Amino acid sequence: MGNAMLDVIQKLKAAIEGSRGLDAEIALHLGWQSYHGEPNPYEGNDYVHAGHWGRPGHPEDERREPKGGFAEPPRYTTSLDAALTLVPEGWAGRVEWGGCYATGKPCLPHAELAQPIQTEFGPGVGIRAQVDGATPALALCIAALKARSS
């Protein structure tokens, strides 16, 4: 796992809520192009709206959306639907509130992803990513990015 990915995962783990700034960091890691310079300290976490974005694999002159306007990264950190797009193809998982009942600690959303594999004994589970996050979407983002990095 690269240092840039570890930095993004650490920021997601430390976050108490999702933000467009975190969405931008994930998008940059996934190959989105920012056409307004390098990331800088976010002003009100509105980095996404500060300029124009290009989807991965699209040159700058094709960044316009079909219905007009410009592309912008999905709301990975605040939407479970968007966070699900980060899960590697073929992986399965769940998001739940976990780990607090027996410990008396506050309940946190828990995400678990696993790569199904076939063994000589039948179906099995390969690599796993299990994490807690401040919100369900953040937990899923962290698990998905860890899974992508494995």
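## Helix α2

In this predicted model, the buried residues of α2 are Arg20, Gly21, Leu22, Asp23, Ala24, Glu25, Ile26 and Ala27. Because eight of its ten residues are buried, α2 is largely enclosed by the rest of the structure. The cover over these buried residues includes α1 (3-14), β2 (53-54) and α4 (136-149). Just after α2, glycine 31 has a positive phi of about 105°.

Glutamate 25 belongs to this helix, which spans residues 20-29. Its relative accessible area is 15%, and the cut-off for burial is under 20%, so glutamate 25 counts as buried. Between glutamate 25 and isoleucine 9 there are 10.0 Å from C-alpha to C-alpha, with a separation of 16 residues in sequence.

## Strands β4 and β5

Strand β4 covers residues 108-119 and contains histidine 110. Strand β5 covers residues 122-132, and the two strands pair in the antiparallel sense over nine bridges. The connection from β4 to β5 is a hairpin through two residues.

Histidine 110 is placed opposite aspartate 132 of β5. The side chains of histidine 110 and aspartate 132 also make a polar contact, at 2.8 Å. Histidine 110 has a relative accessible area of 15% and is therefore buried, the cut-off being under 20%.

## Nonpolar core

The largest nonpolar core consists of 31 residues. Within this core, the residues with the most contacts are Leu12, Ile26, Tyr76, Leu113, Cys141 and Leu145. At least two core residues come from each of α1, α2, α3 (80-84), β4, β5 and α4. The most is given by α4, which supplies nine residues.

Leucine 12 can be followed through its contacts. Leaving aside neighbours within four places in sequence, leucine 12 touches Leu22, Ile26, Thr77, Leu138, Cys141, Ile142 and Leu145. Ile26, Cys141 and Leu145 are also among the residues listed with the most contacts inside the core. Ile26 is in addition one of the buried residues of α2.

## Chain as a whole

The protein chain has four helices and five strands. Along the sequence, these elements follow the pattern α-α-β-β-α-β-β-β-α. Of the 150 residues in the chain, 36% count as buried. The accessible surface comes to about 8,800 Å², and carbon and sulfur atoms account for 51% of this area.

Contacts between residues at least 6 apart in sequence can be sorted by separation. Of these contacts, 51% join residues at least 24 apart.

## Confidence

The mean pLDDT of the protein chain is 81. A value of 70 or more is reached by 75% of its residues. Among the elements, α3 has the highest mean pLDDT, 96, and β2 has the lowest, 74. β2 is among the elements that cover the buried residues of α2, while α3 supplies at least two residues of the nonpolar core.

Over residues 37-46, pLDDT stays under 50. For this stretch the model has eleven contacts beyond four places in sequence.

How values were computed: Residues numbered from 1 in each chain as written. Predicted model: local features only at pLDDT ≥ 70, side-chain atom pairs only at ≥ 80, totals over all residues. Heavy atoms only, no water. Buried < 20%, exposed > 50% of the residue type's maximum accessible area, 1.4 Å probe, protein only. Polar contact = N/O pair within 3.5 Å; in protein donor to acceptor, adjacent residues only side chain to side chain. Pairing = 2+ DSSP bridges. Contact = heavy atoms within 4.5 Å. Areas by Shrake-Rupley, 256 points an atom, 1.4 Å probe, with all protein chains shown as cover. Core = buried A, V, L, I, M, F, W, Y, C linked by side-chain atoms within 4.5 Å. pLDDT = per-residue confidence, 0-100.
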